[in-house]
Amino acid sequence: MQLVVARVGRAHGIKGEVTVEVRTDEPELRLGPGAVLLTDPASTGPLTIETGRVHSGRLLLRFAGVRDRNAAEALRNTLLIAEVDPDEVPEDPDEYYDHQLMDLDVVTKDGAEVGRITEISHLPSQDLFVVERPDGTEVLIPFVEEIVVEIDLGEQRAVIDPPPGLIDDQAEIASSRDEENGSTEGAAGADV
């Protein structure tokens, strides 16, 4: 099975190093020296990692055969893909590979059906489940423990406790609620 583990960023310096956007929780395992990675587009790879180091909080890699800035810049936006045994699981029991989460049924804590996970979107701040509802529409569910309260791989489901408005139209805007209730807290012109 193939997993995207990083995306190549811009060239760094003049000796062929590149910055990478890491997309794995196990960079030391997947992006270490000697690792051979497939690429997307396939025409740029496979690439063998020669060296890696952290500089100013960013991972820098140098690939075998990439010796100058021009060659490094030609790799920009290339996805790095690792071959992984499909039976392999992360060491931490609270971590999951994308393929483990795909197609899980999503239900609320009270058992109401929400839909099925069709994609995991990896954003800088958090991951999102893209969930297809039974009617064909999609909803985005932040993959944070406050909302996704249980992942049950045996039952093939993710249990969520969504805040109001995340999966329905029940969100309230505080100012309109306060106006309906006659609240004037914080209103301008109050007697001093």
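## Salt bridges

A salt bridge here is a side-chain nitrogen of Lys or Arg within 4 Å of a carboxyl oxygen of Asp or Glu. By that criterion the structure, which is a predicted model, holds 8 salt bridges. Side chains of opposite charge can pair when their charged atoms come close.

Glutamate 21 and arginine 7 form one such pair, with an N to O distance of 3.0 Å. The two residues sit 14 residues apart, glutamate 21 in strand S2 and arginine 7 in strand S1, and the pair links distant parts of the chain. Glutamate 21 is partly exposed, because its relative accessibility is 31%. Arginine 7 is also partly exposed, at 22%.

Arginine 53 and glutamate 17 meet in a salt bridge at 2.9 Å, N to O. Arginine 53 belongs to strand S4 and glutamate 17 to strand S2, so this salt bridge ties together parts that are 36 residues apart in sequence. The surroundings of the partners can be stated separately: arginine 53 is partly exposed at 38% relative accessibility, whereas glutamate 17 is buried at 8%.

Arginine 116 pairs with glutamate 132, and the closest N and O atoms are 3.9 Å apart. That value counts because the cut-off for a salt bridge is 4 Å. Arginine 116 is in strand S8 and glutamate 132 in strand S9, so the pair ties together parts 16 residues apart in sequence. Arginine 116 has a relative accessible area of 32% and is partly exposed; glutamate 132, at 33%, is partly exposed. Salt bridges with shared partners also join Arg7, Glu21 and Arg23 into one network.

## Nonpolar cores

In soluble globular proteins, nonpolar side chains tend to be buried together. The largest nonpolar core in this model comprises 22 residues, and Leu31, Leu61, Phe63 and Leu80 have the most contacts inside it. At least two core residues come from each of strands S1 (2-12), S2 (17-22), S4 (47-55), S5 (58-63) and S6 (79-83). S1 gives the largest share, 5 residues.

Leucine 61 contacts several residues beyond four places in sequence, among them Val18, Val20, Leu31, Ile49 and Leu80. Glutamate 17, the partner of arginine 53, is in contact with leucine 61 as well. A second, separate core has 16 residues, including Leu101, Val139, Ile160 and Ile167.

## The six-stranded sheet

An open sheet of 6 strands follows the order S10-S9-S8-S7-S12-S11, with mixed pairing. Strand S10 (138-142) and strand S11 (148-152) are its edges, each pairing on one side only. Neighbouring strands are turned by 35° against each other on average, direction ignored.

Strands S7 (residues 105-108) and S8 (residues 113-122) are antiparallel and pair over 3 bridges; valine 107 stands opposite glutamate 113 in S8. Strand S9 (residues 127-132) and S10 also run antiparallel, joined by 5 bridges. In that pair, valine 130 faces leucine 140 in S10. The hairpin of S9 and S10 has 5 residues between the strands, and glycine 136 there takes a positive phi near 95°.

## Confidence

The protein chain has a mean pLDDT of 83, and 88% of its residues reach 70 or more. Confidence is highest in helix H2 (residues 69-73), at a mean of 95, and lowest in helix H4 (residues 174-181), at 47.

Residues 170-179 stay under 50 and make 6 contacts beyond four places in sequence in the model. Over residues 183-192 the pLDDT is also below 50, with 1 contact beyond near neighbours in sequence. Where pLDDT is low, the predicted coordinates should not be read in detail.

Technical notes: Residues are numbered from 1 along each chain as its sequence is written. This is a predicted model: local features need pLDDT of at least 70, side-chain atom pairs count only at pLDDT 80 or more; totals for chains, interfaces and linings use all residues. Side-chain values use heavy atoms; hydrogens and water are left out. Two strands pair if DSSP finds at least two bridges between them. Helices (H or I, at least four residues) and strands (E, at least two) are DSSP runs, numbered from the N terminus. Axes are lines fitted to C-alpha atoms, for helices over the stretch in contact, and angles run from 0 to 180 degrees between N-to-C directions. pLDDT is the predictor's confidence in each residue, from 0 to 100. Contact means heavy atoms within 4.5 Å. A nonpolar core is a set of buried Ala, Val, Leu, Ile, Met, Phe, Trp, Tyr and Cys residues joined through side-chain atoms within 4.5 Å. Buried means under 20% relative accessible area, exposed over 50%, partly exposed in between (1.4 Å probe, protein chains only).
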